[in-house]
Amino acid sequence: MSGEGRGTRAAHEGLPPAMRESVDDFADHLARVRNRSAHTVRAYVTDVVSLLDHAVRMGCVDLAELDLTVLRSWLAKQRTMGAARTSLARRAASARTFSAWAHRSGLLPADVAAPLASPKAHRELPTVLRADQAAALMAAPGRAAAPPNATDRTAAPPQAADLPAAGQDEPVLLRDRVLLELLYGTGIRISEACGLDVADVDHGRRVVRVLGKGGRERAVPYGVPAQRALDVWLSRGRPALAGPGSGSALLLGARGGRLNPTTARRIVAGYAERAGLPRTSPHGLRHSAATHLLEGGADLRAVQELLGHSSLASTQIYTHVSVERLRAAYRQAHPRA
């Protein structure tokens with residue numbers, strides 16, 4: 001249970017011993033057998049602890065007493081507490097996964113959550129940048145490096161905690177530039193970008209080797225702008241920041257350690273704000289990259305491979321984004337729109 005929030009940890013400790021042990025075994029199964037990420041394991045465990053805590057409050061003293069009525073009561077309570085439809089859908093999925101595992105393990109006489117329906121999540125279309133807005137964001141670190149007498153001083157680098165002292169910021173600006181170019185140029189997740197090692201970059205083929213969700217590895221190509229940013233970063237930026245704790249990490253924080261995803265999110269948001277762009281996150285750059293690929297004629301299956309989606313359904317939302325942009329252009333330009 002290490003890494004869980006205080007509320008979840010307290011609820012876990014308050015469960016009957018057999019239930020506590022089942023939660024721990026389930027977490028071990030997710031991590032070791034299903035090869036789920038630590039983040040995913042935490043989410044599942046949080047949901048299951050909440051479910052079992054609710055079951056105990058309803059009078060269940062043994063896991064075998066868990067039934068569909070308890071499950072539905074738990075979801076109903078979550079809804080009355082204001083949980084979003086997406087959260088309810090995820091919690092229902094967690095309950096089904098736990099129930100199926102517990103039944104296979106002999107802890108439940110039946111897979112009681114199998115009939116449990118998930119609330120249909122309202123899926124909003126992701127916000128994406130236009131191509132010119134993405135180009136402006138990529139150029140933001142270069143504008144931040146302009147001399148003091150430059151006329152444009154609005155794109156100063158974000159005041160993140162990992163920025164070094166004044167006069168020593170060129171390596172950080174080079175790092176910021178390569179971070180933005182990689183995120184938009186490849187569409188990889190922020191956790192994947194921060195997890196890259198120097199050896200994961202194949203300069204000759206211009207691809208990066210990425211370790212994605214579920215431990216799945218894939219090769220993702222990048223373009224000439226990202227290659228230029230990588231070359232300058234590796235020759236001038238990274239050596240200036242590297243220290244004893246750098247190891248093989250490709251992207252470094254100002255103190256020499258591997259760049260943290262939280263810091264990377266602040267960097268992206270800071271440059272977007274200073275460039276006068278809509279609120280942008282690393283995942284927004286991923287959305288933008290996928291949309292621009294499809295608008296440029298890329299095959300949906302190819303985009304699925306690039307993004308590392310296990311299901312084509314996850315990639316198809318970007319076709320909806322492109323259609324919406326097409327409709328907007330039609331309404332603006334067509335005389336009979």
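Contact here means heavy atoms within 4.5 Å. Keep that in mind as you look through these views of a predicted model.

**View 1. Three strands form an open sheet.** The strand order is 1-2-3, and the pairing is antiparallel. Strand 1 (201–202) and strand 3 (217–221) are the edge strands, each pairing on one side only.

**View 2. Here strand 1 meets strand 2.** Strand 2 covers residues 207–211, and two bridges join strand 1 to it. These two strands run antiparallel. Look for D202, which stands opposite V207 in strand 2.

**View 3. Six residues carry an "active site" annotation in UniProt.** According to that unreviewed entry, the annotation covers R189, K213, H283, R286, H309 and Y318. The next two views take a closer look at R189 and K213 from that list.

**View 4. R189 sits in a loop between two helices.** On one side of this loop is helix 7 (170–186), and on the other is helix 8 (190–194). Is R189 buried or exposed? Its relative accessible area is 11%, and buried means under 20%, so R189 is buried. Not counting residues up to four places away in sequence, R189 touches L183, G212, K213, R218, R286, L307, G308 and H309. Among these, K213, R286 and H309 are also covered by the UniProt "active site" annotation.

**View 5. K213 lies in the loop between strand 2 and strand 3.** Relative accessibility is 55% for K213, and exposed means over 50%, so K213 counts as exposed. Which residues does K213 contact, leaving aside its neighbours within four places in sequence? They are R189 and E192.

Technical notes. Residues are numbered from 1 along each chain as its sequence is written. This is a predicted model: local features need pLDDT of at least 70, side-chain atom pairs count only at pLDDT 80 or more; totals for chains, interfaces and linings use all residues. Side-chain values use heavy atoms; hydrogens and water are left out. Two strands pair if DSSP finds at least two bridges between them. Helices (H or I, at least four residues) and strands (E, at least two) are DSSP runs, numbered from the N terminus. UniProt positions are given in the numbering used here, feature names are shortened, and annotations may be inferred rather than shown by experiment. Buried means under 20% relative accessible area, exposed over 50%, partly exposed in between (1.4 Å probe, protein chains only).
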